[in-house]
Amino acid sequence: MASVPLTIRADDDPGTALLYVTAAVDGVEHEFLLDTGASRSRLLRSAQTERWAVDAPDPESRGVFGSTATGPQARVPEIALGPIVAHDVVVDVADDGPAILGLDVLAGHRIGVRLSARALQIDERAAIDRWRPLRRSSRGHPLLEVMWDAATAVAVWDTGSSTTVIDADFARAFPGVFPVTGTTSGVDANGREGSAGTARVSPCRIGERGFAVSTAATVPLAGLAREGDPAFTMIIGYPLITQADWVFDLRARMWGYLDRV
């Protein structure tokens, strides 16, 4: 059982931020974006990644601004995050952007995201309110229901998203839940820049717990889910994640809320 420090780094828009951890790649420490929305981790191109390069084709991944990516990959001998040690991990390789620590490393563990203490708890048996069943996509993404009196959204719980994202059609269907506030620009998971609407997210409930008003971007999300997976109309990002301390047992497919410290 262990905790590793979480670094919270503000993003461009007020109230948005990203979470970072330090992990060792074959014994050398690197900073990673903690990304539960990424099924596969990513490293920046280096002499090591060139040496570890593999031909491992994977279906294209689509970003929220329509970009696709099928870039190079590398087989990393070892990635270690606290007590987690993952061997022979096939990761994406990119020329820029942050390194990403995804579900390929986190899978099979109990992960507590305790923002109130800026700590990532790994396989700790801390007190929680209660366990709830966890739905996951075929790539392992945690799926939760977000509820309002007028609407319910299936949402990806995504520490790699600095803001919450609402499907544009879903937002238009419930203007009283998502009042429009303007526009913004951003970068999707594959590095493509684009513009998005902005909206206020009315108070909601997740797992019977109430969440205060927050902000979101609105973009088309249709087609992002893999065929056969539950369609989702929302990505739960930092503005909602920061309002609670969470725990996900990815092996047992259960989730709950940690007692705040």
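Leaving aside its neighbours within four places in sequence, which residues is Leu81 in contact with? In this predicted model, Leu81 meets Val4, Val21, Thr22, Ala23, Leu101, Leu106, Leu120 and Ile122. Leu81 belongs to the largest nonpolar core, a set of 61 residues. Leu81, Leu120, Trp148 and Trp246 have the most contacts inside this core. Another core lies apart from it and has 10 residues. Leu143, Val156, Phe232 and Ile235 are among them. In soluble globular proteins, nonpolar side chains tend to be buried together.

Leu120, a contact of Leu81, also leads into the sheet. Six strands form an open sheet in the order β1-β13-β12-β25-β26-β14. The pairing is antiparallel. At the edges stand β1 (2-5) and β14 (132-133), and each of these pairs on one side only. The partner of β1 is strand β13 (residues 119-122), joined to it in the antiparallel sense by four bridges. Ser3 stands opposite Gln121 of β13. Pro5 has Ala119 of β13 as its bridge partner.

The side chains of β13 point two ways. Ala119 and Gln121 point one way, while Leu120 and Ile122 point the other way. All four of these residues are buried. Strand β12 (residues 110-114) also pairs with β13, again in the antiparallel sense and over four bridges. Here Ile111 has Ile122 as its bridge partner. The hairpin of β12 and β13 has four residues between the strands. Within this hairpin, Arg118 takes a positive phi near 50 degrees.

Strand β3 (residues 17-25) comes next. Eight of its nine residues are buried, so β3 is largely enclosed by the rest of the structure. Strand β2 (residues 7-10) runs antiparallel to β3, and four bridges join the two. Thr7 stands opposite Tyr20 in β3. The hairpin of β2 and β3 has six residues between the strands, and Gly15 in this hairpin takes a positive phi near 80 degrees.

Strand β4 (residues 28-34) pairs with β3 as well. This antiparallel pairing has six bridges. Val25 stands opposite Val28 of β4. Two residues separate β3 and β4 in their hairpin. One turn residue, Asp26, has a positive phi of about 50 degrees. A further antiparallel pairing, over two bridges, joins β3 to strand β9 (residues 73-81). In β9, Ala80 is the bridge partner of Ala24.

The loop between β4 and β5 (42-44) holds Asp35. Asp35 is buried yet has no salt bridge. Its nearest side chain of opposite charge is Arg42, at 7.2 Å. A salt bridge needs the nitrogen and the oxygen within 4 Å, so a separation of 7.2 Å does not qualify. The side chain of Asp35 instead reaches the backbone nitrogen of Gly160 at 3.5 Å. Residues up to four places away in sequence set aside, Asp35 touches Ile100, Leu101, Gly102, Leu103, Asp158, Thr159 and Gly160.

Other charged residues do pair. Side chains of opposite charge can pair when their charged atoms come close. The count of salt bridges comes to 10. One of them joins Glu50 to Arg45, with the closest N and O atoms 2.9 Å apart. Glu50 is partly exposed at 46% relative accessible area. Arg45 is also partly exposed, at 40%.

A second example joins the side chains of Arg132 and Asp129, at 2.7 Å from N to O. Arg132 counts as buried, with 7% relative accessibility. Asp129 is partly exposed, with a relative accessible area of 34%. Both residues belong to a network of salt bridges that links Asp129, Arg130, Arg132 and Glu208.

A third example brings together the side chains of Asp149 and Arg205, at 3.5 Å from N to O. Asp149 lies in the loop between β16 (142-147) and β17 (152-157), and Arg205 lies in strand β21 (residues 204-206), so the pair ties together parts that are 56 residues apart in sequence. Asp149 is exposed, with a relative accessible area of 80%. Arg205 is partly exposed, at 33%.

Technical notes. Residues are numbered from 1 along each chain as its sequence is written. This is a predicted model: local features need pLDDT of at least 70, side-chain atom pairs count only at pLDDT 80 or more; totals for chains, interfaces and linings use all residues. Side-chain values use heavy atoms; hydrogens and water are left out. Two strands pair if DSSP finds at least two bridges between them. Buried means under 20% relative accessible area, exposed over 50%, partly exposed in between (1.4 Å probe, protein chains only). A nonpolar core is a set of buried Ala, Val, Leu, Ile, Met, Phe, Trp, Tyr and Cys residues joined through side-chain atoms within 4.5 Å. Contact means heavy atoms within 4.5 Å. Lys and Arg count as positive and Asp and Glu as negative; His and the chain ends are not counted. A polar contact is a pair of N or O atoms within 3.5 Å; within protein, one must be able to donate a hydrogen and the other to accept it, and residues adjacent in sequence count only if both atoms are side-chain atoms.
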